[in-house]
Amino acid sequence: MSSKKAGIAVFDFDGMLSSGSHLLAFIRHTHGTLALLQGLVMLLPVLLRLAFSARSRPAFQAVLWRHFYAHTPVHKLQQQAADFCRTSIPQLLYTAAHQQLAHHQSAGHQILIRSHAPGILLASW
């Protein structure tokens with residue numbers, strides 16, 4: 001009989017497992033650095049206004065999603081997100097957090113990951 005205990009490990013992807021802005025990293029992955037910078041400059045007045053509001057984070061992300069992905073078909077966005085998860089997410093993870101995640105996986109624990117990012121962004125990870 002196994003002595004392993006069933007468990008649940010809960011991680012916050014934004015800050016606990018990884019560093020940086022995942023949305024900005026994703027935009028850079030799909031559009032390139034120059035297009036990201038040009039978009040941020042064009043959106044600067046709106047983003048500055050949002051920076052001083054109480055609900056700035058969701059609104060800030062919505063403006064960026066709308067600007068960069070409004071005309072992107074869902075299947076293409078899913079492919080881009082899968083590629084981002086495969087190539088970029090490993091570079092964003094903290095080493096110690098990645099080790100903790102691997103420990104819980106090997107222990108057979110159910111792993112729940114919370115994030116501010118839309119589900120499509122991390123779905124394949």
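Which residues do ring pairs link into a cluster? In this predicted model, the cluster is made up of Phe-26, Trp-65, Tyr-69 and Phe-84. Let's start there and then look at a charged side chain and a patch on the surface.

## The aromatic cluster

There are four aromatic pairs in the count here. Take Phe-26 and Phe-84: their rings sit edge-to-face, with 5.3 Å from centre to centre and 75° between the planes. Phe-26 belongs to helix α1, which runs over residues 22-31, while Phe-84 belongs to helix α4, residues 74-87, so this pair ties together parts that are 58 residues apart in sequence. Both rings come from buried residues: Phe-26 has a relative accessibility of 0%, and the value for Phe-84 is also 0%.

Now for Trp-65 and Tyr-69. Their ring centres are 5.0 Å apart and the planes meet at 45°, so this pair counts as tilted. That angle falls between the two cut-offs, because planes under 30 degrees apart would be stacked and those over 60 would be edge-to-face. Both residues are in helix α3 (residues 56-69), and being four residues apart there puts about one helical turn between them. Trp-65 is buried at 15% relative accessible area, and Tyr-69 is buried too, at 5%.

## A buried acid without a salt bridge

Next up is Asp-14, which you'll find in the loop between β1 and α1. Is Asp-14 buried or exposed? Asp-14 is buried, and yet it has no salt bridge. Arg-114 is the nearest side chain of opposite charge, at 4.5 Å. Why doesn't that count as a salt bridge? The rule asks for a side-chain nitrogen of Lys or Arg within 4 Å of a carboxyl oxygen of Asp or Glu, so a distance of 4.5 Å misses the cut-off.

Asp-14 does have a polar partner, though: its side chain makes a polar contact of 2.9 Å with the side chain of His-22. His-22 also falls within the residue range of helix α1 (residues 22-31), the helix that holds Phe-26.

## A nonpolar patch on the surface

Over on the surface, Ile-8, Val-10 and Leu-112 make a nonpolar patch of about 290 Å². Ile-8 sits in strand β1, which covers residues 8-12. With a relative accessibility of 57%, Ile-8 counts as exposed, because the cut-off for that label is over 50%. Compare that with Phe-26 back in the cluster, which counts as buried at 0%.

How values were computed
Residues are numbered from 1 along each chain as its sequence is written. This is a predicted model: local features need pLDDT of at least 70, side-chain atom pairs count only at pLDDT 80 or more; totals for chains, interfaces and linings use all residues. Side-chain values use heavy atoms; hydrogens and water are left out. Patches are made of residues with over 30% relative accessible area and no salt bridge: like charges are joined within 9 Å, nonpolar side chains (Val, Leu, Ile, Met, Phe, Trp, Tyr) within 5 Å. Accessible areas come from the Shrake-Rupley method with a 1.4 Å probe; for residues, only the protein chains shown count as cover. Helices (H or I, at least four residues) and strands (E, at least two) are DSSP runs, numbered from the N terminus. Buried means under 20% relative accessible area, exposed over 50%, partly exposed in between (1.4 Å probe, protein chains only). Rings of Phe, Tyr and Trp (its six-membered ring) pair if their centres lie within 6.5 Å; planes under 30 degrees apart count as stacked, over 60 as edge-to-face and the rest as tilted. Lys and Arg count as positive and Asp and Glu as negative; His and the chain ends are not counted. A polar contact is a pair of N or O atoms within 3.5 Å; within protein, one must be able to donate a hydrogen and the other to accept it, and residues adjacent in sequence count only if both atoms are side-chain atoms.
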